Amino acid sequence: MAKKFLSGDEAFAEGVRLARPQVISAYPITPQTIVVEKLSEMVEDGSLKSEFIHVESEHSALSCAMGASSVGARAFTATSSQGLLYMAECLTYASGGRFPILMMNANRSTALPWNIYGDQRDSISLLDSGWIQAYAENAQEALDLALLGYYIAEKKEVSTPYMANLDGFVLTHTYEVVDVPTREQADAFLPPFETDNRLDLEHPRNLGFSAGPDYNTQFKMKEHAGLLKVREVVAEAEDRFAAIFGRQYTGLTESYRTEDADYILVTLGSIAGLVRETVDALRANGKKVGLLRLRYLRPFPNQEIASAAANTKALAVLEKDISFGNEGTVYTNVVSALHKAGIAIPTANYVGGLGGKNISAEDIRQIFEDLSQGQQGLHFVGTGGEAD
Amino acid sequence: MTEILWHGRGGQGAFTAARLLGAAYVAESDGFYALAFPSFGPERRGAPIRAFTKLSDSPVGDRSQVVRADYSIYLDDTLFTDAAFDELKENGKIILNTRRKVDDERVITLDGTAIAQEILHMPITNTIMLGAFAAVSGIVSAGAVEQAIQENMPEKLQIRNIAAVNAAIREVAG
């Protein structure tokens, strides 16, 4: 491995290079652009042998990736925000067609008001599109998700497209130290893509067909079953990954000091780093608090949440998302997990970081303090107009 | 954790300096970590910008902007006002590119633009101020800065910028 000082975007591009996609369909949008720029440089300098196709829109970017996948090629694309929304129509085609495409999404706010900064309303609004959704905390995990993503998505029993999410700017544009694996390590981890679900002149078949009321439910049940298989495949993939790269990930969630925690904060993405530091600071003052980081939103980690929250007094969810007219969607999902497990504790929902608003250590300390005072309901973080 | 706040104008390379510092620091030891990032937003030549470097011997989880710095570095003295002192931690220092003398023990000055004109033949002081930081703080070595330049700057810029760093280190030490 080589230690490098890279941004999240650059680290992800290194991961994609190591995964050797045969087709890259690219359409730039801030803050994703650096990923496709770096990949175009790698194709140009010969360090990545791939068809680099500069398409005319995000809708075309994913359509192109699907076309490539349908002839058995490993395909990559990337987008963000309005671009993701513009390709929304194609998301369900890719998942319903069971094409294991890897897509990197730079999490960015959605208009209006126009805003290029990070929040997670873009990807979370598409949770129901049938894709695996993973959220990286740092640039190292971003690089690793590129390799893990293909491995998981392409497993025959999964055969589902994979969206790797990186918080816009705070992760995509922040430089940090990253171990870049060697080509030999990457090849040892990730086998070439092989699938029967492809167009082949020797074995003619029809892909992407219609299914009326008679059979539609069966297709959707299989799609659901494919996503549910991800849990065990993630575990297997991460053990294999650890054996080769020496880094062990922890499945659909990461629990940090939750075992004896009275109060747990559930969150996702790059803000987890600050929550972890705040948990350590509060623990040093005798407060029994913990962090549960959701590494995946689909499949949703119902069991992991129930297990982490089994002995806690109260729990809050901090997310960069709001489903207008209800509450944060991550919160809705987490409360459902608790309910199904028969865990009846007070819960609160904190919506913050919208449009790139800073979330401070003080904000996080306040959430834990609120929880210890019996806080419930929905609360917005960062409503003051002060400069960050 | 050591927090560094970089002030410059768009085009002066403040973020490049922030990034080179992070790269130099993590090259010093496997146990060193850093974050480097600019103030995010539309990039405009000449507009005031900030960049940030955080250095630590453990992973840095806080990705928010530096509010109070251990070192606040000005590539352009037109950005330096009395408000600069509000952004310093206790015992924090300011490193200022200027021809002026500033009568305050917290402020270290050097005429980086003169060094830049002489060595780089252009008024770009980012690597010079990085060299000044290395000399003032002792946190990164000249060798680590040199390595960071070799690994992160275009080849045609490397030799002159390494010379500029060393000139700044001599200037501050002298």
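Begin by selecting Ala134 of chain A, which in this predicted model stands opposite Ala164(A) in strand S7 of chain A. Widening the selection to residues 132-135 and 162-167 of chain A brings up strands S6 and S7, which run parallel and are joined by 4 bridges.

With those two strands still displayed, add residues 139-154 of chain A: this is helix H7, which packs on the sheet and touches S5 (102-107), S6 and S7 of chain A. If you look along S7(A), the direction of H7(A) makes about 165° with that of the strand.

Next, show the sheet as a whole, which is open, has 7 strands with mixed pairing, and follows the order S3-S2-S4-S5-S7-S6-S12 in chain A. To find its edges, select residues 51-54 and 296-298 of chain A, which are strands S3 and S12, each pairing on one side only. Neighbouring strands of this sheet are turned by 20° against each other on average, with direction ignored.

Now move to the place where the two chains meet, a contact that takes 19 residues from chain A and 15 residues from chain B. On the chain A side, select strand S1 (2-7), strand S8 (175-180) and helix H11 (272-284), the elements that give two or more residues to it; H11(A) gives the most, with 4 residues. Coloured by residue class, the chain A side divides into 8 nonpolar, 6 polar and 5 charged residues.

Finally, keep S8(A) and add residues 33-38 of chain B, which form strand S2(B); the two strands run antiparallel and are joined by 2 bridges. Centre the view on Tyr175(A), whose bridge partner in S2(B) is Ala36(B).

Conventions
Residues numbered from 1 in each chain as written. Chains lettered and ligands numbered in written order. Predicted model: local features only at pLDDT ≥ 70, side-chain atom pairs only at ≥ 80, totals over all residues. Contact = placed C-beta atoms within 7 Å. Nonpolar A, V, L, I, M, F, W, Y, C, P; charged D, E, K, R; others polar. Pairing = 2+ DSSP bridges. Axes fitted to C-alpha atoms, helices over the stretch in contact; angles between N-to-C directions.
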